[in-house]
Each structure stands twice: as structure tokens, then as C-alpha cells.
Amino acid sequence: MDHTPHGIHVVAKPIGPVCNLACEYCFYLEKKALFGPGEQYRMSDEVLRAFVTNYIASQPTPVVEFVWQGGEPTLLGLDFFKRVIAFQRPLVGLKTINNVLQTNGTLLTDAWCLFLKKHNFMVGISLDGPQAIHDRYRRDRKGGGSFERALRGLRLLQKHQVPYNVLACVARETAQNPLEVYRFLKCQEVEYIQFAPIVERLPDDPSGPSHGLRLAGPASLGRKEDQTRITPWTVESEAYGDFLVAVYEEWVRHDVGKVFVMNFEWALNAWIGNPSPVCIHAQQCGRSLVLEHNGDIYACDHCVYPQYRLGNILGASLPDLAERSRQSGFGVCKESALPRGCLECDVLAACRGGCPKQRFKKTYYGEPGLHYLCKGYKKFFRHIRKYLHAMTQLLENGLPASHIMDAVKGPLLIKRQ
Ligand code: SF4
Ligand code: SF4
Ligand code: SF4
């Protein structure tokens, strides 16, 4: 058992599901249905102060990381984030406090970027690729594309030297254009990229309880696979594997050590035997709770449903709320529910069965609980094994992993120095 003090990680949504865009594939906008009419989607100072105080006090680690997400958190205005800093400042003590802002980038201005730079924010900005790909799904309520506004946001971050990474969603059409997407991002001088596959399905029983949501919640093991209705924007499983493979082939020849694709970093990390920093490929869930604007705490970002509500920050401490999650079995279930098909899989150590919410396929043995992207994951993890092996050898010999770019031109033999 791992006894390292990890602390509790919380993703805060101070404006709930409110956004200035209406991306067709967004899974969060519809969460308004959970809060009812008349709701003010704005975190009060009471909730903010309780969260900041509780969060800092509950971390055994020297670094405390706040993640601000939405919806679109910049809609709250700079004053909200000035209060965040004001509430954090007296509690810093000997700790280091980091803030991460996840944004669609469209509302960033010089003033925002000056503030973000001054207070050492790390920004995650969403950009799916060149205009035609980005605007396919990332549109506003009037149907207008958001590409130009997002790119302007990226330019402002670069101009003010705000540290950032790009989150690129891989929807069905995107997967057909891996090099177009990757080369576009490189041309924009993006150094840190994370690819996020889009997988959503519609409820199995449209007349069943849905809490007013159009998208399905986590898959139950008892469901029949032939009920599955995935959304038109969901990436096809093998196509996602092909997408990652194509980008990897380009990256491993030209960009190792210059461009950091987080999906590739995670794979190398798993190959070396380290625990995954990302929940989908971690052994268990339950490390990252979600704080909604009204103080409600949920088990994770993809499980904001009434059955996963753990309580409210105004009525319980974060360690108690995290303990409720643990006791519910939410975390261990990811590992304990793995079907035999996964347990016997040759890439289990890298994949770990993927996110349980998307385990709605059946294995070779006919068992439920296989991840929808299994074919894609397998293809990708198997394809890169030879490269990971070579990179590990380089690192063991005290050489930088970037030497793989020379090695790859030959028969992938790494010579000891
Ligand atoms: S920018 Fe993000 S939160 Fe807003 S609609 Fe698009 S995906 Fe949803
Ligand atoms: S690749 Fe497929 S079978 Fe292997 S662990 Fe992942 S989901 Fe399971
Ligand atoms: S359910 Fe999915 S998104 Fe949530 S913690 Fe588990 S792996 Fe992560």
C-alpha cells in the first residue's frame, strides 16, 4: 500500500457550468439542470474563504495547488481572482501555493495576463487545432466559431510570458487529422500539449431518471452493450489510437525534449514504473474532488451527479469529505472492477483500464466493464513500447531521452557509453 502523503486535490468551479461558449461536445454546460432555476452561479466569499482555508489546512504536502475551472472561470472577472489571492496570502506560511486556471482563452486581455503573470498562475488553454478543426465544435451560442478569439488569448499569454499548456480535445473528425493538429500547435510555438479524447454517450433508457441531463452518467456493469448510443462527436476507438500513434511518430523523430505531449510523458512514466499523475491511467480514482460554486463537493469532475455528491464545504472538512468518497468505494472500484480481459492485458500497467465512466464495452470473454477506447489504447501503448524501451535504456545510461531522435533513424539499438 502506498503511504505517501498525497493530500487532497480539488478542482474548483467558481462559476459552475456557466460559459460564454456553447461547445457542442461540452459535457458540463448541461449540469445547470442539477441546480434548478434562479441559481446564481457565482461562488460567494463565504464559500471561497471556507474552501481556501480548509484546502490549505488539509494538505500535508509543502505545495498546495488550486485549480480553477468551469464553465469559463474568467467570466467572474479579475476581482474574484484578486480575492482568491487575498484569501490565500495570510495562510501561506511555509507552503508554496500554486494556482492553475483552465480557460477557453477567449476573454483574456492584457490586464488578465499581467495579473496571471504577477501571481504565477499556470494557464491551461483549450485549442483543438487549426480553425476548421477547432470551430467544428467550439462555437458560441450564436453558432460563431471561437478560434480567432482563442488564438488571440494564446498570443496574449505568450506576449506576457504566462506559463501555459494547451488542452486539445480529440473529437471524431479531429482524429482524422493528427499531423495537421500537431504541426499547427507546433507552429504556434506551443511546448506543452495534452490530448483529451471526447467520449460521451446518450442515456440507455431515454425515459429513465436523467436529472434533466442529455448525456449518460457512468456506465453500470449490468447494462447491455447493444444499448449503447454514442454521441456523433465521440472519437472512434481505433482512430484515437491511430491519432496518437501518428503524432508520436512525428514527435519521436523531431521533437523529444522540445515539445512535451503529456499523453506521451504519462506513458513513459508508467513504463518506468511510477504511479500515473493522471486519474484515467492511475490504479484507482478518488484523488481529485470537485468543488461546485455553491460549496457542494463531488467525487470527481466527470461524476458531478447527485449520487456522487459528498456534502458541502460549509458543513464538513475536506478530509471528512474525502473520507466519505473513500468509504463509498469510489476510488478502489476502478481497480477492483477490472474485467479479466484487462487483468490479462499486456498493456495494463500503462492503461489501468481507463476511466470507469467510459467502460461500456464488453471484453473478448463477453464480460462488461471494458473501456470504450480499449482498441485505441492497446494500439497506442503497444506501438510505442519499443520507443519507451529505448528511452529507458538511454536514461539508465545517463543520456537524455532526446537521443532517441538519432537512435530512431537506425535499428533502435542503444549502445552503452
Ligand atoms: S469552453 Fe469549455 S466549458 Fe465552455 S462550452 Fe466549451 S467545453 Fe464547455
Ligand atoms: S488496453 Fe483495453 S484490455 Fe488493456 S487495460 Fe486498457 S482497456 Fe483493458
Ligand atoms: S471516474 Fe474517471 S475522471 Fe473520475 S477520477 Fe475516475 S478515472 Fe478520473
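Two strands pair if DSSP finds at least two bridges between them. Strands (E, at least two residues) and helices (H or I, at least four) are DSSP runs, numbered from the N terminus. This is a predicted model, in which local features need pLDDT of at least 70 and side-chain atom pairs count only at pLDDT 80 or more, while totals for chains, interfaces and linings use all residues. Residues are numbered from 1 along each chain as its sequence is written, and chains are lettered from A and ligands numbered from 1 in the order in which they are written.

## The sheet

An open sheet of 10 strands with mixed pairing runs in the order β9-β6-β5-β4-β3-β2-β1-β10-β11-β12. The edges are held by β9 (260–261) and β12 (309–312); each has a single partner strand, so one side of each is left without a neighbour in the sheet.

Strand β1 (residues 9–12) pairs with strand β10 (residues 288–291) in parallel, through four bridges. In this pairing V11 stands opposite V290 of β10. Strand β1 also pairs with strand β2 (residues 63–68), again in the parallel sense, over two bridges. The bridge partner of V11 in β2 is V67. From β1 the chain crosses through helix α1 (residues 45–57) to β2, and this β-α-β crossover is right-handed. A crossover is given that name if, with the strands pointing away from the viewer, the path from the first strand over the helix to the second runs clockwise.

In a regular strand the side chains alternate between the two faces of the sheet. In β1, V10 and A12 are on the covered face, and H9 and V11 are on the uncovered one.

Strand β3 (residues 96–103) and strand β4 (residues 122–126) are parallel partners joined by four bridges. Here V100 stands opposite M122 in β4.

## The nonpolar core and two residues of the sheet region

A residue is buried if 20 or more other C-beta atoms lie within 10 Å of its own, exposed if 12 or fewer, and partly exposed in between, with C-beta atoms placed from the backbone. A nonpolar core is a set of buried Ala, Val, Leu, Ile, Met, Phe, Trp, Tyr and Cys residues joined through C-beta atoms within 7 Å. The largest such core has 109 residues, of which F51, L157, A168, V170, L289 and Y298 touch the most other members. Helix α7 (residues 237–254) gives the most to this core, with eight residues.

Two residues are in contact if their C-beta atoms, placed from the backbone, lie within 7 Å. Leaving aside neighbours within four places in sequence, V170 is in contact with A175, F195, A196, P197, I198, V235, Y240 and F243.

Q194 is found in strand β6. With 17 other C-beta atoms within 10 Å, Q194 is partly exposed. Outside its neighbours within four places in sequence, Q194 has contacts with N165, L167, M262 and N263. The C-alpha atoms of Q194 and V123 are separated by 13 Å, and the two residues are 71 apart along the chain.

## Surroundings of the ligands

A residue is near a molecule if its C-beta atom, placed from the backbone, lies within 6 Å of it. Ala, Val, Leu, Ile, Met, Phe, Trp, Tyr, Cys and Pro count as nonpolar, Asp, Glu, Lys and Arg as charged, and the others, Gly among them, as polar.

| Shell | Nonpolar residues | Polar residues | Charged residues |
|---|---|---|---|
| Ligand 1 | seven | four | two |
| Ligand 2 | eight | four | one |
| Ligand 3 | seven | one | two |

Of the 13 residues around ligand 1, C19, L21, C23, C26 and N104 come nearest. Around ligand 2 there are 13 residues, and C342, C345, C351, H371 and C374 come nearest. The elements that give two or more residues to this shell are α11 (340–343), α12 (348–351) and α13 (374–383). Helix α13 gives the most, with three residues. The residues around ligand 3 are C279, I280, C285, C300, H302, C303, K334, C355, P356 and K357.

## Backbone details

A cis peptide bond, with omega about 10°, joins G70 and G71. G71 is found in the loop between β2 and α2 (78–88).

Q161 is not a glycine, yet it has a positive phi of about 55°. Q161 lies in the loop between α5 (147–159) and β5 (164–170), and counts as exposed, with 9 C-beta neighbours inside 10 Å. E189, not a glycine either, has a positive phi of about 65°. The loop between α6 (178–187) and β6 (192–197) holds E189, which counts as exposed with 9 C-beta neighbours inside 10 Å.
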